[in-house]
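This report describes the pockets, the enclosed cavities and the aromatic ring pairs of one protein model. The structure is shown first, and the description follows.

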Amino acid sequence: MKHFSAQYVFTCTGPPLSRPLITATDDGTIVSVTDTGGKLPEISSLAYYNGIITPGFVNCHCHLELSHFAGKVEPGTGLPGFIQSIRRLREVNEGNAEEMAVGHDAEMASAGIVACADICNGTDSFRAKETSSIFYVSLIEVFGINPEKAGKRFGEALAVARQAMSRSLEHNITPHSAYALSLPLMSMVKQYGSGYPLSAIHFMESADETELLERRGGTLLEYYREFGIDAGTVNLPGSHADAVINHVTTRGNLILVHNTHADENTIDRVNARGNTCWCLCPRSNNFISGAVPPVPLLRKKNCTIVIGTDSLASVSSLSILSELIELQRSYPGTTFQEMIAWASVNGARALGIDSWAGTIEPGKRPGLLLISDTDLANLKLTDKSKVRRLI
């Protein structure tokens with residue numbers, strides 16, 4: 001048995017506890033959590049830490065296969081510019097994507113991530129996932145604006161899905177975004193995705209998306225004209241809400257990613273679906289467009305918020321703690337306890353793994369993290385806060 005305590009423990013089952021006693025087996029299964037009222041008994045084998053213990057993190061949006069693009073994209077180009085950069089990098093195909101995925105999977109694990117919803121366009125991340133300590137759901141991403149090529153694009157995704165199945169990897173096929181799939185292709189993805197418990201879609205990341213969907217204009221349309229698609233032939237949903245309500249599977253949990261330009265009407269319409277999570281990746285949003293998601297509005301609307309890292313093409317590290325620091329910097333009124341819930345129990349519920357992850361309570365094996373260099377008097381993160389994996 002192992003015994004742990006710290007100045008505070010966030011179990012994500014109730015209020016923070018002062019110097020409680022956590023007992024766990026050698027494999028990390030929680031045996032008991034004892035509220036000592038701050039009066040910790042003397043135990044010879046106790047490991048006591050100066051900081052805050054939390055459950056392991058759940059990364060609800062990542063592109064592990066893009067790890068070899070680290071440092072190769074210019075910041076501040078906006079979404080259309082970022083898409084073009086990724087497209088060019090894919091065409092050049094420099095760097096060892098498989099090896100980089102293995103290395104950065106290990107970094108995520110050491111940074112406290114115990115589970116991850118990871119976007120895939122191919123199989124480059126699969127070797128890392130087969131041997132990882134992290135639980136992964138591989139979300140095989142589809143995009144294709146030309147309706148005449150819908151069958152071809154979907155067939156390519158099916159080939160990746162068959163590889164995932166052959167390696168016993170949890171997976172689903174999901175749409176990239178409302179603006180990147182023709183309606184025929186969205187219909188194919190919807191039918192396939194209805195058999196799985198988790199889907200995701202990039203959502204309202206930029207104002208350009210709304211301009212394209214609702215007014216059939218803007219910078220993204222100019223980008224698509226390179227492929228022979230114009231306002232007269234574009235075959236897309238009429239809005240982001242229309243995409244979710246009518247063209248994405250209504251079964252299982254749905255993760256909406258980014259939400260930087262989410263508005264009240266769209267939030268109300270989409271939340272009516274149920275089982276919907278709003279994933280925030282603020283460092284990536286800042287890198288691409290200098291914007292951050294509307295956290296006060298999402299909180300006001302009682303949205304289920306989860307946290308993602310996005311990829312190393314737009315962030316310097318796959319660190320959930322860094323995302324929380326960024327959120328606190330942008331919205332100081334957001335409490336640390338609340339953000340830890342977003343990064344742990346909410347994420348675990350989104351991925352359907354809350355039977356073992358997300359909270360520190362008997363019978364679960366959530367991992368234990370130590371967050372140090374915090375403002376303990378006010379229970380706040382600082383720019384120097386660090387995370388360490390305890391079990």
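The residues that line the largest pocket divide into 17 nonpolar, twelve polar and ten charged. The model under discussion is a predicted one.

**Pockets**

The largest pocket holds about 1100 Å³ of space. Its lining comprises 39 residues, and those closest to the pocket centre are Arg 90, Asn 121, Glu 141, Phe 143 and His 176. Two or more lining residues come from each of helix H1 (78-92), strand S8 (135-142), helix H4 (150-166) and helix H7 (219-224). Helix H1 makes the greatest contribution to the lining of the largest pocket, namely seven residues.

The second largest pocket contains about 200 Å³ of space. Thirteen residues were assigned to that lining, and Val 114, Ser 133, Trp 356, Arg 365 and Arg 389 lie nearest the centre of the second largest pocket. By class, seven residues of this lining are nonpolar, three are polar and three are charged.

**Cavities**

How many cavities of 30 Å³ or more does the structure contain? The count comes to two. The table sets out their volumes and the classes of their lining residues.

| Cavity | Volume | Nonpolar lining residues | Polar lining residues | Charged lining residues |
|---|---|---|---|---|
| Largest cavity | about 50 Å³ | five | four | one |
| Second largest cavity | about 30 Å³ | five | four | one |

The largest cavity is bordered by Ile 173, Pro 175, Met 186, Val 189, Lys 190, Gly 193, Ser 199, His 247, Val 248 and Thr 249. Strand S9 (171-175) and helix H5 each provide two or more residues of this lining. Helix H5 gives the most to the lining of the largest cavity, with four residues.

Around the second largest cavity, the lining is formed by His 61, Ile 119, Glu 141, Thr 174, Pro 175, His 176, Ala 200, Ile 201, His 202 and Val 257. Strands S9 and S10 each supply at least two residues of that lining. The largest share, three residues, comes from S10.

Some residues recur across these linings. Pro 175 belongs to the lining of the largest cavity and also to that of the second largest cavity. Glu 141 and His 176 line the second largest cavity, and both are among the residues closest to the centre of the largest pocket.

**Aromatic pairs**

A search of the whole structure yields six aromatic pairs. One of them joins Phe 154 and Tyr 192, whose ring centres are 6.2 Å apart and whose planes meet at 70 degrees, so the pair is edge-to-face. This contact links distant parts of the chain, as Phe 154 lies in helix H4 and Tyr 192 in helix H5 (residues 183-193), 38 residues apart. Both Phe 154 and Tyr 192 are buried.

A further edge-to-face pair is made by Phe 203 and Trp 278, with 5.9 Å from centre to centre and 80 degrees between the planes. Here too distant parts of the chain are linked: Phe 203 sits in strand S10 (residues 198-203) and Trp 278 in strand S12 (residues 276-280), 75 residues apart. Phe 203 and Trp 278 are both buried.

Ring pairs also connect Phe 154, Tyr 192 and Tyr 196 into a cluster.

Key
Residues numbered from 1 in each chain as written. Predicted model: local features only at pLDDT ≥ 70, side-chain atom pairs only at ≥ 80, totals over all residues. Heavy atoms only, no water. 1 Å grid on protein atoms, 1.4 Å probe; cavity = no way out; pocket = protein on both sides within 12 Å on 5 of 7 lines; lining within 4 Å. Points joined across faces, edges and corners; volume = space filled by probe spheres on them. Nonpolar A, V, L, I, M, F, W, Y, C, P; charged D, E, K, R; others polar. Phe/Tyr/Trp six-rings, centres within 6.5 Å; stacked < 30°, edge-to-face > 60°. Buried < 20%, exposed > 50% of the residue type's maximum accessible area, 1.4 Å probe, protein only.
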